[in-house]
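Please look over the model shown here before reading on. The briefing that follows takes up its core, its sheets and some backbone details.

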Amino acid sequence: MKSLKYNLIIATLFTILLLLPDFIGNILWQNYYIITSKNTLKEIAITFFISLLISFSNARILFFTLFFLFGVIELIYFDFFHSYIQPYQTDLLFSELEDILDSLKSIATFIGILMAFVIAIIALLSYFLKKLPLKSYKLSTILLLTLILIFPFFVNKKKVIYIPNSTHLSYLNTFFATNLWILNKFSKKIKKTYKPYIVKKESNGKKIVIVIMGESLNYKRMHLFGWDINNTPNLDKLAKNDKNFIFKKAISSGINTPVSVVSFFNLKREPQNINLLLSQKTNLLKLAKENNYSTYWLSLQEEGTSISTLLNYADYKKTRKDFIKKYDEVLINELKKIPNKKTFIILHLRANHSPYEEYTPKKFYKWDFHSKDYATYKRKSYYNGVLYNDYVISKVIEYVKSHFKNYSIYFTSDHGEMLGFKDEGGRFGHSQLTFGDTFVPFLYYSDTKRELNKTFYNHYQIGKMIAKDLGYEIINPNEDGTYFINGVSIDGSSGFIQYKINNSKLIKENK
Ligand SMILES: [Zn+2]
């Protein structure tokens, strides 16, 4: 009977520890966890029941560590994004691990402290639990495993209530997200078929076409587009003095780098249209090559496996590893080496990727971003990055303008970035399926006149303009006036937004 008492004590201790991330979260952020009459008691009771099962299991440290880590992961995620981990975002772990690790650098101290804390707790528990006369039953382990395995069936019945939010305990949020993600992977997908795009060669194209692909640049946070921070002095000057410079608001085709960049350079409108990618029919680099352009892909990014398919059609390619100096301005020197002949050039920038300060040279640190306040730090560091983008883009325009004839320069960003503002629902970063991280600038410069009258453009439309400059008309028989923002999976399996642009307003068409 004595040892049963110890099991109860340990179960109570486990319960307290599993609730700890929510206490920590509430100290750090207002309303990280919200106590509700409906859920709180229920989830604490469930936590105690699970803890009791763990205490009787012979693999108690393993099970406890698993659930405890779930809670800590939610804390880390929240520290970066100020929102809760969503099921579809689990896909990112597979498609963008390197990028995620890179982003996590900006909250490295927080992660370091948490991990040291986790290790300390697990080590202490392992040491003391061995000394206690605890009862163990194999049945308890089997029961726990069974619960974990059959849980998705409960989730499947009422998916909506399991969507991670502030009224669930941290460790349960991560557990639910994992379950929903697995369910989504196994659910039957409706295969959609699309009419094939038609590619028509119309002309020899312009002599020089340059696309600068930006990173995480949100037009809303640029002075050029009216933001009250003086972070685009060079572009402002161009807008004032040079009629050939056009700047427009735009919407990205995706919410993360690989999906957006691949969709953009393939003119892929429909998220689920995988056949288009398989055919490579509308790959802008391929089209350019077929129209006798020399093709350049010069990038300060590492370019993962999906983006690399675009590079198949580049005559000259350089990625991050090929540069000694790692700031975007090295691309201007590369541009200067390109001979004055028929060329299609892609410059893929790294700034403004987070941590923003890492990709911005020190001489562009106009705003002191050292602050204990997360929003202040993020925003000021971001503004410095915008200032650097302003410099790099205007330098490219300046060089091309004085050295080439019959050219056009396009700039847009892969996706936007949220900085915790009110119109972003206080969220940070990108990779979240919402309009907030899709607002990108569309800048255009050319030595021939062009009228761009719409308030909003999008990646798909910009892609078609580029195709035109390369000598092609692309006809997409599937067009019906709607457009898409794809989620984090290129095949649309992580969800997408369907929208219309109506009198300068964006209207969401799906839920
Ligand atoms: Zn990106």
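Which strands does α15 lie across, and at about what angle does α15 run to β7? Helix α15 lies across β2, β6 (343-348), β7 and β10 (439-446), and runs at about 170 degrees to β7; axes here are lines fitted to C-alpha atoms, for helices over the stretch in contact, and angles run from 0 to 180 degrees between N-to-C directions. Helices (H or I, at least four residues) and strands (E, at least two) are DSSP runs, numbered from the N terminus.

This is a predicted model, in which local features need pLDDT of at least 70 and side-chain atom pairs count only at pLDDT 80 or more, while totals for chains, interfaces and linings use all residues. Residues are numbered from 1 along each chain as its sequence is written.

**Nonpolar core**

- The largest nonpolar core has 118 residues, and those with the most contacts inside it are I210, I212, L347, I409 and L470; such a core is a set of buried Ala, Val, Leu, Ile, Met, Phe, Trp, Tyr and Cys residues joined through C-beta atoms within 7 Å.
- Helix α15 (residues 374-403) gives the most to this core, contributing 11 residues.
- The core lies between domain 1 (2-186) and domain 2 (198-505), because both give residues to it; the domain bounds come from an automatic or database domain assignment.
- Leaving aside neighbours within four places in sequence, L347 is in contact with I210, I212, L298, L331 and V396, where contact means that the C-beta atoms of two residues, placed from the backbone, lie within 7 Å.

**Sheet of 8 strands**

- An open sheet of 8 strands follows the order β5-β4-β6-β2-β7-β10-β3-β11, with mixed pairing; two strands pair if DSSP finds at least two bridges between them.
- Strands β5 (316-318) and β11 (456-458) stand at the edges, each with a single partner strand, so one side of each is left without a neighbour in the sheet.
- Neighbouring strands of this sheet are turned by 20 degrees against each other on average, direction ignored.
- Strand β2 (residues 208-214) pairs with strand β7 (residues 407-413) in the parallel sense over 7 bridges, and the bridge partner of I212 in β7 is F411.

**Sheet of 3 strands**

- An open sheet of 3 strands has the order β13-β14-β15, and its pairing is antiparallel.
- Strands β13 (483-486) and β15 (505-508) are at the edges with a single partner strand each, so one side of each is left without a neighbour in the sheet.
- From one strand to the next, the twist averages 35 degrees.
- Strand β13 is joined by 4 bridges to the antiparallel strand β14 (residues 496-502), and Y483 stands opposite Y499 in β14.

**Backbone details in loops**

- The peptide bond from A351 to N352 is cis, with omega near 5 degrees, and N352 lies in the loop between β6 and α15.
- A cis peptide bond also joins S354 and P355, with omega about -5 degrees; P355 lies in the loop between β6 and α15.
- L267, in the loop between α10 (257-265) and α11 (274-279), has a positive phi of about 50 degrees although it is not a glycine.
- L267 counts as buried because it has 26 C-beta neighbours inside 10 Å; a residue is buried if 20 or more other C-beta atoms lie within 10 Å of its own, exposed if 12 or fewer, and partly exposed in between, with C-beta atoms placed from the backbone.
- Q280, in the loop between α11 and α12 (284-290), has a positive phi of about 60 degrees although it is not a glycine, and Q280 is partly exposed, with 15 other C-beta atoms within 10 Å.
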